[in-house]
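This report sets out what can be read from the structure shown below. It takes up charged pairs, then the interior, the surface and selected local features.

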Amino acid sequence: MTREGQPAADMFTDPIASTSSGPAARNWTPGGRGRVPGELGVWVLIGGELLIFGLVFIVFGYERAQQIETFRIAQSTMHLTYGAVDTLLLLTSSVFVAWGVIALRDHQPRWSARLFAAAIACGLMFVVSKYAEWSDMLTVGHDPFANSFFMFYFVLTTIHLTHLIAGLAVLIGMCRIARTPNPTARALCHIESGACFWHLVDLIWIILFTLLYLVR
């Protein structure tokens, strides 16, 4: 029960779901225990993305084993500060997103929107940081054609940056939903799906940071 005596499930009443004949729609409870957050489709997407990136990481590991000295020398020129700052930005953004989802579940849409906006700011700072790092690397001749390591570096970070920009678009949509008066249960489900995708972007970067900057 809420503080006003209204059942929690009724606070996010979805007019579409409530008229559906399916039992899943009738029993859908936002933030309910034992329920996987978000929609099934987003988890299929996450699984596919992890599979693809996993295969690429395996190829990276194989090439590294074949060219250990080349990769070692190339990695020694990496700016660890950039990678650490990027990691901190994305971890912070994920915390903001998680808090934003919790705030919306607690019926604080205005606070939720502000938290999502803070996550967007972190994402934009990541883009700026990555642009600065790329510029520094290209200036000293570390382009994708320098060797296999830098080819992997630019390909992987470009693919990740594409996902991050898509994630920023998702976060903007989440802000708009959070500002909607009386968000429905379906709206909260969309928010959770977007949060899951953003956490995926964060997870992929943590793996990239480990492979590209830390592993020797």
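In this predicted model, the count of salt bridges comes to 4. Side chains of opposite charge can pair when their charged atoms come close. Three of the pairs are set out in the table.

| Salt bridge | Closest N to O distance | Location |
|---|---|---|
| Arg-72 and Glu-69 | 2.4 Å | helix α4 |
| Arg-105 and Glu-192 | 2.5 Å | helix α5 and helix α8 |
| Lys-130 and Glu-133 | 2.8 Å | helix α6 |

Arg-72 and Glu-69 are 3 residues apart in helix α4, which means that about one helical turn separates them. An α-helix has 3.6 residues a turn, so residues three or four places apart point the same way. Both partners retain some access to the surface: Arg-72 is partly exposed at a relative accessible area of 39%, and Glu-69 is partly exposed at 42%.

The pair formed by Arg-105 and Glu-192 has its closest N and O atoms 2.5 Å apart. Because Arg-105 lies in helix α5 and Glu-192 in helix α8, this salt bridge ties together parts that are 87 residues apart in sequence. The two partners fall into separate accessibility classes: Arg-105 is partly exposed, with a relative accessible area of 31%, whereas Glu-192 is buried, with 2%.

Lys-130 and Glu-133 lie 3 residues apart in helix α6, about one turn of the helix. Both of these residues are buried. Together with Asp-86, Lys-130 and Glu-133 are linked in a network of salt bridges.

**Overall organisation**

The chain contains 8 helices and 0 strands, and its elements therefore run α-α-α-α-α-α-α-α from the N terminus on. Of the 216 residues in the chain, 38% are buried. Among contacts with a separation of 6 or more, 78% join residues 24 or more positions apart. The accessible surface of the chain is about 11,500 Å², and carbon and sulfur atoms account for 67% of this area.

**The nonpolar core**

The largest nonpolar core holds 47 residues, and the members touching the most others are Val-97, Phe-116, Phe-149, Tyr-153, Leu-164 and Leu-171. Six helices each supply at least two residues of this core: α3 (40-66), α4 (68-76), α5 (80-105), α6 (109-139), α7 (148-178) and α8 (185-214). The largest share, 14 residues, comes from α8.

Which residues does Val-97 touch, leaving aside those up to four places away in sequence? The partners of Val-97 are Phe-116, Ala-119, Leu-171, Met-174, Ala-195, Trp-198 and His-199.

**Helix α3 and its surroundings**

Helix α3 has 27 residues, which at 1.5 Å a residue should span 39 Å; its end C-alpha atoms are 40 Å apart, in agreement with that expectation. Its buried residues are Val-42, Ile-46, Glu-49, Phe-53, Phe-57, Phe-60 and Arg-64. The buried residues of α3 pack against α4, α7 and α8.

Glu-63 is also placed in helix α3, but this residue is partly exposed, with a relative accessible area of 23%. Leaving aside neighbours within four places in sequence, Glu-63 is in contact with Phe-71 and Phe-152. Glu-63 and Ser-148 are 85 residues apart in sequence, and their C-alpha atoms are 7.8 Å apart in space.

**A nonpolar surface patch**

Leu-50, Leu-203 and Ile-207 form a nonpolar patch on the surface, with about 210 Å² of accessible area together. Leu-203 is placed in helix α8. Its relative accessibility is 39%, and Leu-203 therefore counts as partly exposed.

**Backbone at His-107**

Most residues other than glycine have a negative phi. Against that background, where is His-107 found? His-107 is in the loop between α5 and α6, and its phi is near 65°, a positive value in a residue other than glycine. At 29% relative accessibility, His-107 counts as partly exposed.

Terms used: Residues are numbered from 1 along each chain as its sequence is written. This is a predicted model: local features need pLDDT of at least 70, side-chain atom pairs count only at pLDDT 80 or more; totals for chains, interfaces and linings use all residues. Side-chain values use heavy atoms; hydrogens and water are left out. A nonpolar core is a set of buried Ala, Val, Leu, Ile, Met, Phe, Trp, Tyr and Cys residues joined through side-chain atoms within 4.5 Å. Buried means under 20% relative accessible area, exposed over 50%, partly exposed in between (1.4 Å probe, protein chains only). Helices (H or I, at least four residues) and strands (E, at least two) are DSSP runs, numbered from the N terminus. Contact means heavy atoms within 4.5 Å. Patches are made of residues with over 30% relative accessible area and no salt bridge: like charges are joined within 9 Å, nonpolar side chains (Val, Leu, Ile, Met, Phe, Trp, Tyr) within 5 Å. Accessible areas come from the Shrake-Rupley method with a 1.4 Å probe; for residues, only the protein chains shown count as cover. A salt bridge is a side-chain nitrogen of Lys or Arg within 4 Å of a carboxyl oxygen of Asp or Glu. The expected span of a helix is 1.5 Å times one less than its number of residues.
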